[in-house]
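This briefing introduces the structure shown below to a reader who has not met it before. The points are grouped by topic.

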Amino acid sequence: MIQLTRLGRLVLLAALLLPAPAAAQEDAAPRAPWSERVVELAAELPIQEGGRVKPLDTYAQFRMLRMNGKRKLKLADGEKLTPTPWLLDCIFFPERARGYRHFLVRDSAVLDAIGVRVPERKKSDRYSFDELQPGLDRLFQEAGRIHKIEAKERSWIEGQLYALATNVRDFEDLTHALEFARVELPTHEGPLLAARYGAEPLRGVTGFLAGVPGLRTDFAAELEALPEEAQEVENSALEDVSRAFSQAVQLSGALAIFPPSTLAEEEWLRVDGAVDQAASGEDPELLALLAGWEALERAKGDPATFERELEGLQGRAAQLAARRGEYEKIPLEVRFYRGDYFTRALVFFLGAFVLLCGAWLAPRMGWIPKGVAALSLVGTLLIVVGVVLRCIIRERPPISTLYETILFVTGTGAIVLFLAEWFTRRRIALTLIPIWGALGLFLAMKYELKEAGTAGDTMPALVAVLDTNFWLATHVTTITLGYSAGLVAAFLGMRWILSKLLGLRRGDKEHYRALTRMIYGVVCFGLFFSIVGTILGGIWANYSWGRFWGWDPKENGALLICLAEIMILHLRLGGFIRDFGLAVMSVLNGMVVAFSWFGVNLLGVGLHSYGFTDGIALALNLYYVLSLAVVFAAFVWKEISRRAEQAAGDAATAKS
Amino acid sequence: MRALLERGLAVLGSYGLACLLLLDLFLLTFFGTLHQVEAGLYDAQKLYFESWWVVQREPIPLVLPGGLLCMGLLAVNLFVGGFVRIQKSKRTVGILVVHVGIALLLASGFVKLYHSDDGYLRLREGQASDEYVSYHLWEVAVWDASQRGPVTEHVIPHEHLVDLTDGKARTFWKAGLPFELELSGFLRNCEALPKGPMWQADSPVVGDFALKRLEDDPENENNVAGLTARFRALDGGATKEDLLWGFEFHPATFDAGGKTWAVSLRKARYPMPFTIRLEDFRKEDHPGLSMARSYESDVTKLVGGLERPIRIQMNEPLRDGGLVLFQSSFAMDRDGTEVSVFSVVRNPSDHWPLYACIVIGLGLVIAFLPKLFKFIRAQGPRRAATGVS
Amino acid sequence: MTPSRPFLPALLAGLLGACGDPGPSLEIAGQRTASRPSGNVLRDATPSQRFSASAPSASSTPSDDVIAYDLPEGWRAVAPTRERLVNLRPAGHPEAECYLSFLPGDGGGLVQNVNRWRAQLGAPELDAAAVAALPTHALLGRQAALVEAEGTFTGMGGSSARAGFQLLGLAVSEPEGSLFLKFTGPAELVTAERERFLAFAGSLRLSAGHGTEGEVHGPGDGHDHGPGAAQTEPVADSAPSGLRWTTPAGWRRGPARSMREVTFLFEGGGECYVTRLMGTAGGLRGNLDRWSEQMGQGRLADAAFETLPRVDVLGTPVPVLAVEGSFTGMDGRTLSDQGLLGVAVIRDSDSLFVKFTGPAALVQAERENFLAFLTSLEEP
């Protein structure tokens, strides 16, 4: 989604090609587990990334997700790290973090390609920086080569190699993030400098920076006054200092955590920018932030001091961000991710599903359906809460990315099923809710992982055209409701076919009639939103680009849904299809919805291909195959029951 | 006879026909979408959606009624089945309303297809223009080259040029023009090159130059057309053969009736009832990213000596004089001057889809809501029976 | 009236319009008034003026600016085209042509290109070894394979076969791009013009100023002072202080750092930077000695100092120090096999230091570039 500029690519390439900077010396002090308070404070540190200011916690989560494939890391000593503590370790205890097995390599062939051999690991396993170290030269060499290949043209292994190289580079950047706080400046080597900064080497850059304005005004004159010999020594020392200084500053560029001094500037500063501003002496706040980080680095062996220093730093950073109006959503976002609503909802749906299985085994227990309903209801509510919080954090309607469509479809689909259940009370729709919810959230989880790899966030900056809450709220919401209803109808259709196939409630005509009505009703509901949504999309296009309809693939996808559903209605009105045909058509319509929702994005053309998708192709094809299998099974059932009827009829005529 | 007519009407208005047409449109849309991936939007549109018949070989061989025929028949089917023959009762009010909306939508499509122009207006900062240029259509303009100030042009439109392939020629004349112009050899994409022994010309060789046919570009905007022109003066019958090329730097000229006439093949131009001058273009990125957050242009609209400053930005076009100007893209000239590109649309049915949307939405509500209530009422006793509140 | 009516006439019109051919003779119906003529009328303009990019009114194509050459006597220049950067008519002969073309990429490789040419004259294919053994000739700084063939020329169109033709061509095929200089014509003409052709090939060169005309940059893409890409050709650049220089080909500007005018970074860990300090900053000898010490070589002997080669930097002839040894950086790490090139321009007001450190092989390889860089330095 985020396009690197050509320049950006070249810089990235250069970064990959350059050898890893050597680690500066650091004390390998043992680390006490981070206190809850420290984690809480660190989580709410503001950082700018991907075009917006977000909590350090969010940054840590997506970094960890991308590197590690999940949000938890279990260490050799049994300690379990969540994203923020993991990030703190990378920053403050690089030596330790280099031993963490947090690089997920999905295929050991990647390691073969860079000549790394770690015995007794699975094909897909996790590795530490130290384990990868012997192959890093090869890795970056390969990455340099792969970089020149278009992303689409890369083989799977090449893609994995490149991803690994990026992750290793990112990790190294994190371990160097506090280089500016660790560097020792040899200010004691020159007498004039020593007179200002003391007889010991200066630790960290801020001490030196604080004196820069003074140096500017007086140092030249002081230097002139010295004998030539002394000048020489002084200059040599100054050069050594500045060399060490700039090297350290340049290395510590990982995080954009310094709010710029003026409101007009929107881009947050990294250490180098903050140092430049602070050196001017006009921005004492930035200097204080830099000093705050240095104090943290000094106090890392002493948990109590560390906590106190972090409190000060967090407060200061929050205040600066708040002054820019960029802080108020940060605590909420931290709470949102801490709430982990979608994973919890998944757990509830799975629980409901287990209960449901129990109901099939022991159908007489009356409380089971109520339990299923209750658990599903909680799951659905959790989705609703999660989606609402996202809306508040982003100040946007519920959907602006493909990831959010998955959440929305899952949530609204569950609600539609609940409504259907509410109206009919036949426990038909109810039994589908846990399966629906679990599948949807599982898909969302997988998609989030994919987004971590490509966009690095699920709340990314939007391209200019999408930056309109009115159309996002109307067109996007209605069309997605249409998707949701279409898929729910397909689910109900599958349920009809499978029930017939398995011979459930064979004699219960009323049951099947209710199911058929439900399918029909949901298709009508879906048609309403699909048509209105599609036309609204056209109107948006007309107001934004001057054409109502451009036969763009995503538009065509929406039209296909409308046409399929109108066709279903007319087929039924014309008496061409009945219960059986409706069930089959609704399943086929589900395929059309899937094509429109994800399939067209895989075609890779058109204005709308905003979410480009890799593992999605597999899931999509699976869904097509499954749907076709169900349709095929339906026809087999139809044929069998026709023959059975015929046989029964023949027997009857034979008798008479 | 009357029975036959009844029968015909019955077929025209039947559900069966409706379903077949919907299926046809479904297939057209689906295959048209796939076709775009390889051949580009313009081609897919011409082939599937603005055609009478579609003969498709890939991915599966298929002959289908094209988009125009399908939607035309659909309109007839809708009219006969959805208005004339439909039972008119309280029950079908909603459906009737929906059909009105769909008809309005189809109508706006036809109006747009036959009565709208679109194109672009590309302005450097400080530059002004009172005409916009088509993306796709060509035209040949003929004018008296001695004119100063406003120029009266005779224009031969796109549709009279594109069929001049395979040796077909057409002679154009006009009362008052002292010569005839015969055009032939239309090439959709070509290049004017000095003729060497290396390649075969796709046009007569004029001077050292000839036209060379190039592979069609899937992005139709990138194709550059070419034509062969033969001039014949009406008095005395002097003749001249020349080439017209879409990228030519100077028009072809012909002396007749004591005047020099200029003839140029160019992208079709449309006048605007006002002049637009670009004052300033601004682009803003998301902080720290090279992704545009917004772009906007400050322009001045000049009409009859009056000047009005206007801002055009993403999602906020300028609507005036039946035209709509949209901010569509931007560029930078070699010298660093910013260039703003607007797409310009003249569409009499501009707002019809909105009305259609409201009508259809309303109709669907009228049609479906009572059914829902009926359904719920029917389920009522059952709900009571299960005893769950 | 029902809203369905408007499209029925439209449909009818559409049907008629689609089927009707307006016929072989037609009155021009369209007429409009334009506020200005659409195109710059040039009475009786030649086709070359009307169509080719080199016409004066053309919005420039770079071809004619980029490449300069000496036109052989009696040859005629024809307008270049998009594909032909230089387009000549040898000896003015109407059937002969000679042109230079460039393709990005290797164009299928040298062997394939040589054989493509040979096939155009019906000559048998050469295998890779035979192609490798072809004589070479300089073409724009590269060694190009010299291809010769005689026979019936069929060209690209394949229609206008000409017997008794000869081809003389130079081909370079590299992954970054391929150059083809091709001369075809009647055999006797080609033989007669052979020397002129080779002289012409040798005279081809990039014209001055090329390379500075950059591509279009988006606003704020950091081109000005941020880290940049390695340049394939020397490029003029400057620092905020006003110091100007020409960046040698292959040098990549690093991120801005405090106290440095500019830093260049090299693959493999080399860097070259310019520092400015106030005053005389320890003097010339002192600084050179210090650098020598950093490389583990001790202070310079007087004789060694006196005999250092000198170059003009900012108007002052200064000695260029070149040392190899083990470099001990400020972090205490020692790297072996390192090289250092350095000059100090000591002035009363301020002093400028240009220092290049890195692996010895790199430093050696970049020596010429370093010297070129020094001499290119200019102050406002």
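**Nonpolar cores of the predicted model**

In this predicted model, the largest nonpolar core holds 154 residues, and A:Ile519, A:Val522 and A:Leu563 are those that touch the most other members. Helix α24 of chain A, spanning residues 509–544, supplies the largest share of this core, with 18 residues. The points below take up the cores, a helix pair, the strands and some backbone details.

- Beyond its neighbours within four places in sequence, A:Ile519 is in contact with A:Ala489, A:Leu492, A:Gly493 and A:Trp496, and also with A:Leu582, A:Ala583 and A:Ser586.
- Another core, of 96 residues, lies apart from the largest one; among its members are A:Val105, A:Tyr127, A:Phe245 and A:Ala295.

**A helix pair in chain A**

- Two packed helices are described by the angle between their axes and the distance between the axes.
- In chain A, the axes of helix α26 (residues 579–603) and helix α27 (residues 616–655) come within 10 Å and cross at roughly 165°.
- Because angles over 145 degrees count as roughly antiparallel, α26(A) is roughly antiparallel to α27(A).
- The crossing of α26(A) and α27(A) is left-handed.
- On the α26(A) side, the residues that meet α27(A) include A:Phe580, A:Ala583, A:Val587, A:Met591 and A:Phe598.
- On the α27(A) side, the residues that meet α26(A) include A:Ile616, A:Leu620, A:Tyr624, A:Val631 and A:Lys638.
- A:Ala583, one of the α26(A) residues that meet α27(A), is also in contact with A:Ile519.

**A sheet with strands from chains B and C**

- An open sheet of 5 strands follows the order β11(B)-β10(B)-β7(B)-β6(B)-β1(C), and its pairing is mixed.
- The edges are β11 of chain B (239–245) and β1 of chain C (25–27); each has a single partner strand, so one side of each is left without a neighbour in the sheet.
- From one strand to the next, the twist averages 25°.
- β6(B) and β1(C) run parallel and are joined by 3 bridges.
- Within β1(C), C:Ser25 stands opposite B:Thr171.

**A hairpin in chain B**

- In chain B, strand β1 (residues 53–56) and strand β2 (residues 62–65) run antiparallel, with 4 bridges between them.
- B:Val55 has B:Val63 of β2(B) opposite.
- The hairpin passes from β1(B) to β2(B) through 5 residues.
- The loop between these strands contains B:Pro59, and the peptide bond joining B:Glu58 and B:Pro59 is cis, with omega about -5°.

**Backbone details**

- Most residues other than glycine have a negative phi, and most peptide bonds are trans.
- B:Asp166 has a positive phi, near 50°, and is found in the loop between β5 (151–156) and β6 (169–173) of chain B.
- B:Asp166 is exposed, because 8 other C-beta atoms lie within 10 Å.
- C:Asp337 likewise has a positive phi, near 55°, but its place is in strand β20 (residues 334–346) of chain C.
- C:Asp337 counts as exposed because it has 12 C-beta neighbours inside 10 Å.

**Chain C overall**

- The secondary structure of chain C comprises 10 helices and 21 strands.
- Of the 380 residues in chain C, 34% are buried.
- Among the contacts in chain C with a separation of 6 or more, 51% are between residues 24 or more positions apart.

Conventions. Residues are numbered from 1 along each chain as its sequence is written. Chains are lettered from A and ligands numbered from 1 in the order in which they are written. This is a predicted model: local features need pLDDT of at least 70, side-chain atom pairs count only at pLDDT 80 or more; totals for chains, interfaces and linings use all residues. A nonpolar core is a set of buried Ala, Val, Leu, Ile, Met, Phe, Trp, Tyr and Cys residues joined through C-beta atoms within 7 Å. A residue is buried if 20 or more other C-beta atoms lie within 10 Å of its own, exposed if 12 or fewer, and partly exposed in between; C-beta atoms are placed from the backbone. Helices (H or I, at least four residues) and strands (E, at least two) are DSSP runs, numbered from the N terminus. Two residues are in contact if their C-beta atoms, placed from the backbone, lie within 7 Å. Two strands pair if DSSP finds at least two bridges between them. Axes are lines fitted to C-alpha atoms, for helices over the stretch in contact, and angles run from 0 to 180 degrees between N-to-C directions. Angles under 35 degrees count as roughly parallel, over 145 as roughly antiparallel, 65 to 115 as roughly perpendicular and the rest as oblique. A crossing is left-handed if the near helix is turned anticlockwise from the far one by less than a right angle, and right-handed if clockwise.
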